[in-house]
Amino acid sequence: MFSLNVPVPGAVKRLANDLQPQLLEFERVRDDHTLVVKRFPDDELANGHPEHQLATLQERLRPVISGLPAVEAKATGIDSFEKPVRGDGPVVYLAIESPGLHRIHRMLTDTFGVVDALEGEDYTPHVTLARGGSAAAAAAAEQLRARDIDPITWTVAELVIWDSRHRRPAARFGLPA
């Protein structure tokens, strides 16, 4: 599966790394930190032919995001999904506020459709820190939600197609200032 992501700045990555000792109760702690703007299920690209999916996605994305300006984003706190739509919960994350990212997300979902229960009105910009676990993880999520953080504001000047199969960026699109 491919997704269109926002690379997060070093300050967000440092905050996520600083929080790692408080994430020990979770089954999986993320060490790669990104912010998903739109998911693209495999069966929607190039009729499911893996060898053509990236090229098809790039071709379809280019006119949609061409000329989009850079937007502001701000990490404002720690929150969680107790029962996420997919996978094990809880999911603890950095909450991101960005009207600009919501506009970009709406443009993309207008063009490509939504992944039910994750996108459209259900879209919550966030950077996942950790997920899964027992009651101890739920208690840790509650403690983390109560913690204040200094907001981190940055300019989103790039969008990246993320290849989840190979766990790496597959293409980049700049957003002019």
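This briefing describes the fold, the surface and a few selected residues of one protein chain. The model is predicted, and its protein chain holds four helices and nine strands. With 177 residues, the chain has a radius of gyration of 16 Å, which agrees with the value near 16 Å for a compact globule of that length. Of the contacts with a separation of 6 or more, 78% join residues that are 24 or more positions apart.

**Overall architecture**

- Read from the N terminus, the elements of the protein chain follow the order β-α-β-β-α-β-β-α-β-α-β-β-β.
- Along the principal axes, the C-alpha atoms of the protein chain occupy a box of roughly 45 × 35 × 30 Å.

**Burial, surface and charge**

- Among the 177 residues of the protein chain, 44% are counted as buried.
- The protein chain exposes an accessible surface of about 9200 Å², and carbon and sulfur atoms contribute 47% of that area.
- The side chains of the protein chain include 20 positive and 25 negative ones, and the centres of these two sets are 3 Å apart.

**An aromatic pair between a strand and a helix**

- Two aromatic pairs are found when the whole structure is searched. In the pair of Phe40 and Phe112, the ring centres are 5.1 Å apart and the planes stand at 85 degrees, so this pair is edge-to-face, the class for planes over 60 degrees apart.
- Because Phe40 belongs to strand S3 (residues 34-40) and Phe112 to helix H3 (residues 99-112), the pair ties together parts of the chain that are 72 residues apart in sequence.
- Phe40 counts as buried, since its relative accessibility is 1%, and Phe112 is likewise buried, with a relative accessible area of 9%.

**Val12 in helix H1**

- Val12 sits in helix H1 (residues 10-19), and with a relative accessible area of 0% this residue is buried.
- Once neighbours within four places in sequence are set aside, Val12 is in contact with Ala75, Leu94, Val127, Ile152 and Trp154.
- For one of these partners, Ile152, the C-alpha atom lies 7.0 Å from that of Val12, although the two residues are 140 residues apart along the chain.

**Phe26 and the cis peptide bond at Pro90**

- Phe26 is placed in strand S2 (residues 26-29) and, with a relative accessible area of 5%, is buried.
- Leaving aside neighbours within four places in sequence, the contacts of Phe26 are Pro90, Val92, Ala130, Arg131, Gly132, Ala137, Ala140, Ala141 and Leu144.
- The C-alpha atoms of Phe26 and Pro90 are separated by 8.3 Å, while the two residues stand 64 residues apart along the chain.
- Pro90 itself is located in the loop between strand S4 (71-81) and strand S5 (91-97), and the peptide bond leading from Gly89 to Pro90 is cis, with an omega near -5 degrees.

**A positive phi at Ala117**

- Ala117 has a phi near 70 degrees, which is a positive value in a residue other than glycine.
- Ala117 lies in the loop between H3 and strand S6 (126-133), and this residue counts as partly exposed because its relative accessibility of 38% falls between the 20% limit for buried and the 50% limit for exposed.

Definitions and conventions
Residues numbered from 1 in each chain as written. Predicted model: local features only at pLDDT ≥ 70, side-chain atom pairs only at ≥ 80, totals over all residues. Heavy atoms only, no water. Helix = DSSP H or I, 4+ residues; strand = E, 2+ residues; numbered from the N terminus. Rg over C-alpha atoms; globule rule 2.2 N^0.38 Å. Buried < 20%, exposed > 50% of the residue type's maximum accessible area, 1.4 Å probe, protein only. Contact = heavy atoms within 4.5 Å. Areas by Shrake-Rupley, 256 points an atom, 1.4 Å probe, with all protein chains shown as cover. Lys, Arg positive; Asp, Glu negative; His and termini not counted. Charge placed at Lys NZ, Arg CZ, Asp CG, Glu CD. Phe/Tyr/Trp six-rings, centres within 6.5 Å; stacked < 30°, edge-to-face > 60°.
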